[in-house]
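User: I would like to know how the terms used for this model are justified. Please set each value against its definition.

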Amino acid sequence: MVDRRPLIAGNWKMNFDHLRSIAFVQKLAWTLKDAKHSAAAVEVAVFPPFTDIRSVQTTIEADRLEFAFGGQDLSPFDSGAHTGDISGEFLAKLGCRYVIIGHSERRQDHHEDDALVTAKTLAAIKHGLVPVICVGETSEDLEKFGASAVPVGQLRTVLAELPKDADIVVAYEPVWAIGSGQAATPAQAQEVCAALRAVIAEVLGDDAAAATRVLYGGSVKSINIASFMREKDVDGALVGGASLDVEEFAKIVQFPKHVIA
Ligand code: PGA
């Protein structure tokens, strides 16, 4: 049995300037230190806006904090005439371990399709970044096709192009649960995360499926995290709104201490 270290990832979206990002990371570090949090037990990652990443990097490195960080997107290209885009090479140089790819807000606001998500995933891998590949269904998809068909289809398209030994994280984020306060039930999350793991097994093999972390995202809070983490195929969470409040995010990170009624 492979031991998958849980990952709690804070997707800050377009929040916090670089000064606030420094204050946030420092306060998170003190809070978790006071609580005797073990980074070996639960990995913590933050995903600041691009303009904050250098500040987050220097804060983490200067204080030797055990947080990972990453970008919220990257270009499928390495360099060149792509105004406004950011290369995976630049993110890697800044010490990013991860990059979020295919978040539903990018799919919606920037019309990103599975082909572009695949190209971005390949770019991430090329530059040594671990892609956090986001998939999920809308409420219309849910009604028409059920919970797993669309996310499974999205993931299958990307996986088909990846090397068998690709180091990836998958995030199941039902679009209807994001920012709505209406999280999926733990049973729903488990059902889809298990289906996603089965596709990883089918395309990349059993070892990859056993080693890959599959996260749930969508209205995760300190009051519901433990019930998700109790599910066998849920290996962590991608947290949006609740990752902007230090106390709340620190409580989410400490889910192993929660007592579930
Ligand atoms: P939320 O966002 O936690 O605010 O629902 C999750 C996400 O979009 O990653």
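Analyst: Helices (H or I, at least four residues) and strands (E, at least two) are DSSP runs, numbered from the N terminus. By these rules H103 sits in the loop between β4 (98-101) and α4 (104-109). The model is predicted, so local features need pLDDT of at least 70 and side-chain atom pairs pLDDT 80 or more, while totals for chains, interfaces and linings use all residues. Residues are numbered from 1 along each chain as its sequence is written, and side-chain values use heavy atoms, without hydrogens and water.

User: Why is H103 called buried?

Analyst: Buried means under 20% relative accessible area, exposed over 50%, and partly exposed in between (1.4 Å probe, protein chains only). H103 has 4%, so H103 is buried.

User: Which residues does H103 touch, leaving out those up to four places away in sequence?

Analyst: They are N11, K13, C134, E173 and I178. Contact means heavy atoms within 4.5 Å.

User: What makes the approach of G179 to the ligand a polar contact?

Analyst: A polar contact is a pair of N or O atoms within 3.5 Å; within protein, one must be able to donate a hydrogen and the other to accept it, and residues adjacent in sequence count only if both atoms are side-chain atoms. A polar backbone atom of G179 is 2.7 Å from an oxygen atom of the ligand. For G241, a backbone N or O atom lies 2.8 Å from a ligand oxygen.

User: Which residues are closest to the ligand?

Analyst: They are K13, H103, E173, G179 and S219, out of 13 that surround the ligand, a residue being near if one of its heavy atoms lies within 4 Å.
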